[in-house]
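This report introduces a single protein model to a reader who has not met it before. Please view the sequence and the structure below before reading on.

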Amino acid sequence: MTEHSRDTPQFYLTAPSPCPYLAGRSERKVFTHLVGERATQLNDVLTHGGFRRSQSIAYRPACEQCRACVSVRVCVDDFRETRSFRRVREGNADLIGDIRAAIPTAEQYSLFRLYLDSRHSDGGMADMTVLDYAMMVEDSHVRTRLIEYRRHGPGTAVSGRGQGALYGVALTDVLADGLSMVYSFYDPERAGRSLGTYMILDHIAKAKAMGLPYVYLGYWVEGSDKMNYKRRFLPQERLAPAGWLRVEE
């Protein structure tokens, strides 16, 4: 393979397939490979253009007659914590998110399997094996981290790590201007904690501490109930044909 072919991205278009968000519609995606020495830089540029990462692939919807998928990023410095968000944060004050290298473990996969079986048993990831999970975590040529959420322990103040049972995990890319939440999962048996919301709040806090202005949440799809939660994190910016537009409410 030549230097030119490794460093110059080639884009491809998928065949139509059923849309996972809106019933009765089909989707197509444009994608490219994130490999080579410039993968991190390319991931930054493509994320700014509305792409998402999955393993060593960057993709974006390219549906011919639909523009429902809209990239969303939270404005970290101006984020407004509502009463509801404050309750979630206070209800999980006993947890700590430990940033680790992107190395999969059997414990993570057990939680991942429990989450899929409970929440997404009919989804496209339902049949993922432990090897599939390992590939999802390890197959990255960019700056990727795992954040494990556990309860505070006696040594947490020294080690910075939680102890005990694993409550949630986030697979996160560190970009030049923010944190991109690639995939997250949590213990469905602890529904009262609103762990999905809490992990986003924690990413906002972590991004602020790191001096990063955005947290990228992926696609918001108007009309899809399972994507509606992303509208709550305000202010945010949504990617439109004219560029990123700020939304206050």
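## Domain, helix and pocket

In an unreviewed entry, UniProt places the feature "domain: N-end aminoacyl transferase N-terminal" at residues 17–87. The structure discussed here is a predicted model. Within it, the span of residues 17–87 is 21% helix and 34% strand, and the C-alpha atoms at its two ends lie 40 Å apart.

Helix α7 covers residues 195–209. With 1.5 Å for each residue, a span of 21 Å is expected for the 15 residues of α7, and this agrees with the 21 Å that separates its end C-alpha atoms. The helix is mostly covered, since 11 of its 15 residues are buried. Among the buried residues of α7 are L195, Y198, D202, H203 and K206. After α7 comes G211, which has a positive phi near 75 degrees.

Two residues, K206 and T144, may be described in parallel. K206 belongs to helix α7, whereas T144 is placed in strand β9, which comprises residues 144–151. K206 counts as buried because its relative accessibility is 14%, and the cut-off for that term is under 20%. By the same cut-off of under 20%, T144 is buried as well, because its relative accessibility is 5%. The table sets out the polar contact that each side chain makes.

| Residue | Partner side chain | Distance |
|---|---|---|
| K206 | D202 | 2.7 Å |
| T144 | D173 | 2.7 Å |

Leaving aside residues up to four places away in sequence, K206 touches G97, I99, I147 and L179. With residues up to four places away again left out, T144 touches R53, A102, L171, T172 and D173. D173 thus appears among the residues that T144 touches and also as the partner in its side-chain polar contact.

The largest pocket of the model has a volume of about 1,700 Å³. Its lining consists of 45 residues, of which Y21, H120, M125, Y183 and M227 are the closest to the centre. Two or more lining residues come from each of the elements β2 (17–18), β5 (52–54), β6 (57–61), α4 (106–119), β11 (178–186), α7 and β12 (214–221). Which element gives the most to this lining? That element is β11, with 5 residues. Helix α7, already described as mostly covered, is also one of the elements that give two or more residues to the lining of the largest pocket.

Methods:
Residues are numbered from 1 along each chain as its sequence is written. This is a predicted model: local features need pLDDT of at least 70, side-chain atom pairs count only at pLDDT 80 or more; totals for chains, interfaces and linings use all residues. Side-chain values use heavy atoms; hydrogens and water are left out. Helices (H or I, at least four residues) and strands (E, at least two) are DSSP runs, numbered from the N terminus. Buried means under 20% relative accessible area, exposed over 50%, partly exposed in between (1.4 Å probe, protein chains only). A polar contact is a pair of N or O atoms within 3.5 Å; within protein, one must be able to donate a hydrogen and the other to accept it, and residues adjacent in sequence count only if both atoms are side-chain atoms. Contact means heavy atoms within 4.5 Å. The expected span of a helix is 1.5 Å times one less than its number of residues. UniProt positions are given in the numbering used here, feature names are shortened, and annotations may be inferred rather than shown by experiment. On a 1 Å grid over the protein atoms alone, a cavity is a set of points where a 1.4 Å probe fits but cannot get out, and a pocket is an open set with protein on both sides within 12 Å along at least five of seven lines; lining residues have an atom within 4 Å of a point. Grid points are joined across faces, edges and corners, and a volume is the space filled by probe spheres set on the points.
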